[in-house]
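User: I should like to learn how to read the features of a protein model. Could you take me through this one step by step?

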Amino acid sequence: MSDKVIVRFRAVGDAPLLKSPVFKVDGNKEFTTIINGLKVKLKHCSNLHFYINNSFSPSPDEIINNLYKCFGSGGELQVNYATMPAYG
Amino acid sequence: MEGENTTTTTNNESDEINYPFENVREKVFNGSIPIKFVVSEEDKSKIPNSIDYELAFYYNIPRCSYFPIHKTEIEEYFISRNVVENGDNIWYSYKDIPLKWHYPVGLLYDIYVNSDDLLPWEITVHFSNYPNNKLINIKDLDTLKDSYLTTLKESDYMRYGNANRVMCLSLDDQSTLWNSLCNLNFKNFWNINSKLLIDTPWSNISARLYINDNVIQERFANISEENTTLKDLIVSWCQEVFTEEEINNNIDNYKFILHGINISIDTPLLWLGQYLSYPDNWLHIIIKQKSS
């Protein structure tokens, strides 16, 4: 069984777009891996906020596979990123 | 007079019918753990005038609370005894394991402490060398508040497929919820929190299982069936850890701990979710092998 999870990033508001928004990540890693990975790609954005399905920010220590199993759909985990806090 | 008495009795009865297990929630909410905070050897060695007695702060912390809520009391004790100048970088460990500030204190206790260990729970308090690679950074109490509210949203999403109930709470309600958790005001807390749980059926259970340093969290759609028990959840989620046959035959070798209580695996799951969830509305259940 593959432990890779397909993550699809979606920009919120005026957050910069990614050239390719889909990544495969190790599902056994913590969500912080996704946070750090995107921060490297968007170096010029000092303050990024992350959400699952436009709803909530997972804790950085949550396991990606758990998030995928609970909140993934269509074989992907949708991660939204914003330069300002969004969604209440 | 008789009429008045009858009315009063009827009101009481209807209260009991509406909230038959309210006292379970209250007992769980008010549970606490006596803790002994001992300053780390590293910080002790920095004290200018070395001391030859043990510096320890004894404090009772509610199981449902979080360490940062009690930071002021803990740091004050050590600051007033000239151990440190401030508690800006405070963190805690137990048997060299850094304790996550965003986990409820009772959950940390149930994960790490064996049932035959004696109370008070002895924890090391550190004032330097914050383990950035093991603990999430925390700026102030607002960091915990944000973390608490987003965990609440995640559990809402889990149960209903969206976080609308938490998103629709007014700012006043959010503040009341948070402040009553900090101040341990059961009534105020549940006045608001019951709005987040009351709609049934739930489409999923918001639960996390803790086994051997792993956290298991999945979908479990059978929650709406009345006769679904904790055992059904464990059979469904723990296939990689043990088979259904093992659970049937060797269940006595394991214990399932929630709020420090050994829970029967035959307990209805929906009932657990409604009455034994932590204030973040997650069921945090620890599975341990019984010591032989």
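Analyst: Let us begin with a contact inside one chain. Nine residues of domain 1 of chain B are in contact with 14 residues of domain 2 of chain B. Please keep in mind throughout that this is a predicted model.

User: Where do the domains of chain B begin and end?

Analyst: Chain B is divided into three stretches: domain 1 covers 28-126, domain 2 covers 141-197 and domain 3 covers 207-289. Taken over C-alpha atoms, the centres of domain 1 and domain 2 of chain B are separated by 26 Å.

User: How much area do domain 1 and domain 2 of chain B bury between them?

Analyst: The general idea is that the size of an interface is often given as the accessible area lost when the parts come together. Here, domain 1 and domain 2 of chain B bury about 970 Å² between them, and 85% of that area is on carbon and sulfur atoms. On the side of domain 1 of chain B that touches domain 2, the residues divide into seven nonpolar, two polar and no charged.

User: How many salt bridges and polar contacts are found across the interface of domain 1 and domain 2 of chain B?

Analyst: The rule finds zero salt bridges across this interface of chain B. It also finds zero residue pairs in polar contact, where both residues must be at pLDDT 80 or more.

User: What do the corresponding values look like for chain A and chain B?

Analyst: The contact takes 17 residues from chain A and 17 residues from chain B. Between them, chain A and chain B bury about 1,500 Å², with 48% of it on carbon and sulfur atoms.

User: How many salt bridges and polar contacts are there between chain A and chain B?

Analyst: Three salt bridges are counted between chain A and chain B, together with 11 residue pairs in polar contact, both residues being at pLDDT 80 or more. The side of chain A that touches chain B is made up of seven nonpolar, seven polar and three charged residues.

User: Which atoms should I examine in the salt bridge of B:E218 and A:K69?

Analyst: One should look at the closest N and O atoms, which in this pair are 3.4 Å apart. A search of the whole structure finds 12 salt bridges over all chains. One of the pairs is A:D61 with B:K100, whose closest N and O atoms are 2.8 Å apart. This pair crosses between chains: A:D61 is in the loop between β3 (49-52) and α2 (64-71) of chain A, while B:K100 is in the loop between β4 (97-98) and α5 of chain B.

User: Which peptide bonds of chain B are cis?

Analyst: For this feature one reads the angle omega. The bond joining B:L119 and B:P120 is cis, with omega about 0 degrees, and B:P120 lies in the loop between α5 (105-112) and β5 (121-126) of chain B. The bond from B:T200 to B:P201 is also cis, with omega near 0 degrees. B:P201 has its place in the loop between α9 (186-197) and β6 (207-211) of chain B.

User: What is the value of phi at B:N212, and where does the residue lie?

Analyst: Phi of B:N212 is near 45 degrees, a positive value in a residue other than glycine. B:N212 lies in the loop between β6 and β7 (214-216) of chain B.

User: What does the UniProt record annotate over residues 142-197 and 205-287 of chain B?

Analyst: An annotation is best read beside the model. In the unreviewed UniProt entry, residues 142-197 of chain B carry the annotation "domain: Autophagy protein ATG5 alpha-helical bundle region". In the model, that span of chain B is 84% helix and 0% strand, with its end C-alpha atoms 25 Å apart. For residues 205-287 of chain B, the unreviewed entry gives "domain: Autophagy protein ATG5 UblB". That span of chain B is 27% helix and 24% strand, and its end C-alpha atoms lie 17 Å apart.

Conventions: Residues are numbered from 1 along each chain as its sequence is written. Chains are lettered from A and ligands numbered from 1 in the order in which they are written. This is a predicted model: local features need pLDDT of at least 70, side-chain atom pairs count only at pLDDT 80 or more; totals for chains, interfaces and linings use all residues. Side-chain values use heavy atoms; hydrogens and water are left out. Contact means heavy atoms within 4.5 Å. Buried area is the accessible area (1.4 Å probe) that two parts lose on being put together, summed over both. A salt bridge is a side-chain nitrogen of Lys or Arg within 4 Å of a carboxyl oxygen of Asp or Glu. A polar contact is a pair of N or O atoms within 3.5 Å; within protein, one must be able to donate a hydrogen and the other to accept it, and residues adjacent in sequence count only if both atoms are side-chain atoms. Ala, Val, Leu, Ile, Met, Phe, Trp, Tyr, Cys and Pro count as nonpolar, Asp, Glu, Lys and Arg as charged, and the others, Gly among them, as polar. Domain bounds come from an automatic or database domain assignment. UniProt positions are given in the numbering used here, feature names are shortened, and annotations may be inferred rather than shown by experiment. Helices (H or I, at least four residues) and strands (E, at least two) are DSSP runs, numbered from the N terminus.
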